[in-house]
Amino acid sequence: MVIQYTLNDVEAVAKTLLETVDSKIILFEGEMGVGKTTLIKTLIKLLGSNDVVSSPTFSIVNEYIAENQSIYHFDLYRIEDEDELYDFGIDTYIYNNNFVFVEWPELLKPLIQDKYSVVKITLSENTSRTISIENIK
C-alpha cells in the first residue's frame, strides 16, 4: 500500500497504518527529518497513551503505557552492530506481543523471526510525504 500525505493528514495516515499492518512489530525507514517520529507519536496517541512521546535517540528505547499494554519505541541510529542489540535485550522487547516501533531498523531487520511490517517514508518535492507499508512473512 502506498499513501501520499501532508503533515496535516498524519492522524488519518496513522489510522490507516494501524488497520493495514498485520504485526505489532513495525519498522520505520526514511531519511532523517522525514517524519518517522511524528508518525510514531501519532500512533502511540491513537493506541490510547497519554504519555509525552519523544525520540529515544540517546536512551535507545522509550516505553509508553496505553490501555493496559506497553508500547516500545526504539531509535537504533547510534547502534553499530548486532551485539549491541542483544546487549540491551532487543529480543525480549520484540517477542512480547506489545507494539514495537523501530526507527533505523537496518541491523535489526535480518534478526526478526516473526512477521513484521515495514513503513517507508519519503519526502516528496512539494513537502508532502509518501508512505509505503509492507507486511513481511
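Asn-97 sits in the loop between helix H4 (90-94) and strand E5. This is a predicted model, so treat every value here as computed from it. Phi of Asn-97 is near 65 degrees, and that is a positive value in a residue other than glycine. Is Asn-97 buried or exposed? Asn-97 counts as exposed, because its relative accessibility is 60% and the cut-off for exposed is over 50%.

Now turn to another loop. Ile-60 has its place between H2 and E3. Its phi is also positive, near 75 degrees, and Ile-60 is not a glycine either. But Ile-60 is buried, because its relative accessible area is 18% and buried means under 20%.

Next comes the largest nonpolar core. It holds 25 residues. Which of them touch the most other members? They are Leu-17, Phe-28, Leu-39, Phe-101, Val-119 and Ile-131. Many elements feed this core. Helix H1 (10-20) and helix H2 (36-46) each supply at least two residues. So does each of the strands E1 (2-5), E2 (25-29), E3 (61-66), E5 (99-103), E6 (116-123) and E7 (129-136). Apart from this core lies another one, of 19 residues. Ile-60 is among them, and so are Trp-104, Leu-111 and Ile-112.

Go back to the largest core and pick out Leu-39. What does Leu-39 touch, not counting residues up to four places away in sequence? The list runs Val-10, Val-13, Ala-14, Leu-17, Phe-28, Val-119, Ile-121 and Ile-131.

Ile-133 gives a second view of packing. This residue is found in strand E7. Ile-133 is buried, because its relative accessible area is 8%. Ile-133 and Ile-3 are 130 residues apart in sequence. In space, their C-alpha atoms are 8.6 Å apart. Ile-133 is also in contact with Ile-3. Its other contacts, leaving aside neighbours within four places in sequence, are Met-1, Leu-17, Thr-20, Val-21, Val-118 and Val-119.

Now follow strand E3. One face is covered, with Asn-62, Tyr-64 and Ala-66. The other face is uncovered, with Val-61, Glu-63 and Ile-65. Which strand do six bridges join to E3? It is strand E4 (residues 69-75), and the two run antiparallel. Ile-65 stands opposite Ser-70 in E4. E3 and E4 form a hairpin with two residues between the strands. In this hairpin, Glu-67 takes a positive phi near 45 degrees.

Stay with E4 for one more residue. Gln-69 lies in this strand. Gln-69 counts as buried, because its relative accessibility is 18%. Leaving aside neighbours within four places in sequence, Gln-69 is in contact with Lys-24, Tyr-64, Asn-98 and Phe-99. Tyr-64 belongs to the covered face of E3.

Finally, look for open space. Rolling a probe the size of a water molecule over the atoms shows where empty space is left. The largest pocket has a volume of about 170 Å³. Its lining has 13 residues. Which of these are closest to the centre of the pocket? They are Met-32, Gly-33, Lys-36, Thr-37 and Glu-103. H2 gives the largest share of the lining, three residues. By kind, the lining divides into four nonpolar, six polar and three charged residues.

Methods
Residues numbered from 1 in each chain as written. Predicted model: local features only at pLDDT ≥ 70, side-chain atom pairs only at ≥ 80, totals over all residues. Heavy atoms only, no water. Core = buried A, V, L, I, M, F, W, Y, C linked by side-chain atoms within 4.5 Å. Buried < 20%, exposed > 50% of the residue type's maximum accessible area, 1.4 Å probe, protein only. Helix = DSSP H or I, 4+ residues; strand = E, 2+ residues; numbered from the N terminus. Contact = heavy atoms within 4.5 Å. Pairing = 2+ DSSP bridges. 1 Å grid on protein atoms, 1.4 Å probe; cavity = no way out; pocket = protein on both sides within 12 Å on 5 of 7 lines; lining within 4 Å. Points joined across faces, edges and corners; volume = space filled by probe spheres on them. Nonpolar A, V, L, I, M, F, W, Y, C, P; charged D, E, K, R; others polar.
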